[in-house]
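Colleague: Before I rely on this model, I should like to go through the terms used to describe it. Please set each value against its definition.

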Amino acid sequence: MSTETAQASYGLSWFALQVKSTHEKRVTSLLQYQTYECFLPLYTSRRRWSDRIKRVELPLFPGYVFSRFTPADRIPILKTPSVISIVGIGATPTPVDECEIAAIQRAVASGFGLSPHPFLQIGQRVRINGGSLYGLEGLIADVRKRDRLILSVTMLQRSVAVEIDSAWATPIHTSRAEPECSKALYSSA
């Protein structure tokens, strides 16, 4: 991202764009060419073809791309090929919580294994006390006998799972006020 783009996007809200299926990378490229800041979280998956197994990068949120812009200037975004709509209430775009985007960005940057995960909202609160995800808070959930931190984007009702070390998680008492930047779930075997 250029300095010009970073300065232009400072203070702008993140919005989720609904895009045509399998067009997420294309939309991201087109918007970045128009100097919009975009975020397309990807994960690596193994796919089997008849003659080989290949590793491919797929979107963590299929059909969605995140971008920063002002709602008043949304027309160029909506005119971008393969963009269906901006997620919101009716015709009014609704921003995605900055903390949720920051948590997903940290998880992607951590280098740990990521994968899509069903959206979860229940469980015991925990805080991660080690590693590159230090300080993230979430909830406990049982997911396929692996230690995972579940990060959610509430507006899309979708979540992603990132592998972590269970020794990093410590319980948080539910009696205290919930911090704004704590939209994660933790799963343990």
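**Terms and values**

Modeller: Let us begin with a backbone angle: Thr35, just after helix 2, takes a positive phi of about 70°. The model is predicted, so local features need a pLDDT of at least 70 and side-chain atom pairs count only at pLDDT 80 or more, while totals for chains, interfaces and linings use all residues. Residues are numbered from 1 along each chain as its sequence is written, and side-chain values use heavy atoms, leaving out hydrogens and water.

Colleague: What pLDDT does the protein average, and where is the value below 50?

Modeller: The pLDDT is the predictor's confidence in each residue, on a scale from 0 to 100. The protein averages 78, and 70% of the residues score at least 70. Over residues 1-8 the value is below 50, and beyond near neighbours in sequence this stretch has 6 contacts in the model; contact means heavy atoms within 4.5 Å.

Colleague: What makes a run of residues a helix or a strand, and how many of each are there?

Modeller: Both are DSSP runs numbered from the N terminus: H or I over at least four residues for a helix, E over at least two for a strand. The protein has 4 helices and 15 strands.

Colleague: How do you know that strand 1 and strand 5 pair?

Modeller: Two strands pair if DSSP finds at least two bridges between them. Strand 1 (residues 14-19) and strand 5 (residues 64-68) run antiparallel and are joined by 5 bridges, so the criterion is met. Trp14 stands opposite Arg68 in strand 5.

Colleague: Which strands stand at the edges of the open sheet, and why?

Modeller: The sheet has 4 strands in the order 2-5-1-6, with antiparallel pairing. Strand 2 (37-39) and strand 6 (83-86) each have a single partner strand, so one side of each lacks a neighbour in the sheet. On average, neighbouring strands are turned by 35° against each other, direction ignored.

Colleague: Why is Ser110 called buried?

Modeller: Buried means under 20% relative accessible area, exposed means over 50%, and partly exposed lies in between (1.4 Å probe, protein chains only). Ser110 has 18%, and therefore counts as buried. Ser110 belongs to helix 4 (residues 98-110). Leaving aside neighbours within four places in sequence, Ser110 is in contact with Ser132, Leu133 and Val162.

Colleague: Is His23 buried or partly exposed, and why?

Modeller: His23 has a relative accessible area of 24%, and is therefore partly exposed. This residue lies in the loop between strand 1 and helix 2.

Colleague: What makes the approach of the side chains of His23 and Ser82 a polar contact?

Modeller: A polar contact is a pair of N or O atoms within 3.5 Å; within protein, one must be able to donate a hydrogen and the other to accept it, and residues adjacent in sequence count only if both atoms are side-chain atoms. The side chains of His23 and Ser82 are joined at 2.7 Å, which satisfies the limit of 3.5 Å.

Colleague: How do you know that the buried residues of helix 2 are on the same side?

Modeller: The buried residues of helix 2 (residues 24-33) are Glu24, Val27, Thr28 and Leu31. They cover an arc of only 100° around the axis, which puts them on the same side; the arc is that of the directions from the helix axis to the C-beta atoms. These residues pack against several elements, including strand 4 (53-59) and helix 3 (75-78).

Definitions and conventions:
Axes fitted to C-alpha atoms, helices over the stretch in contact; angles between N-to-C directions.
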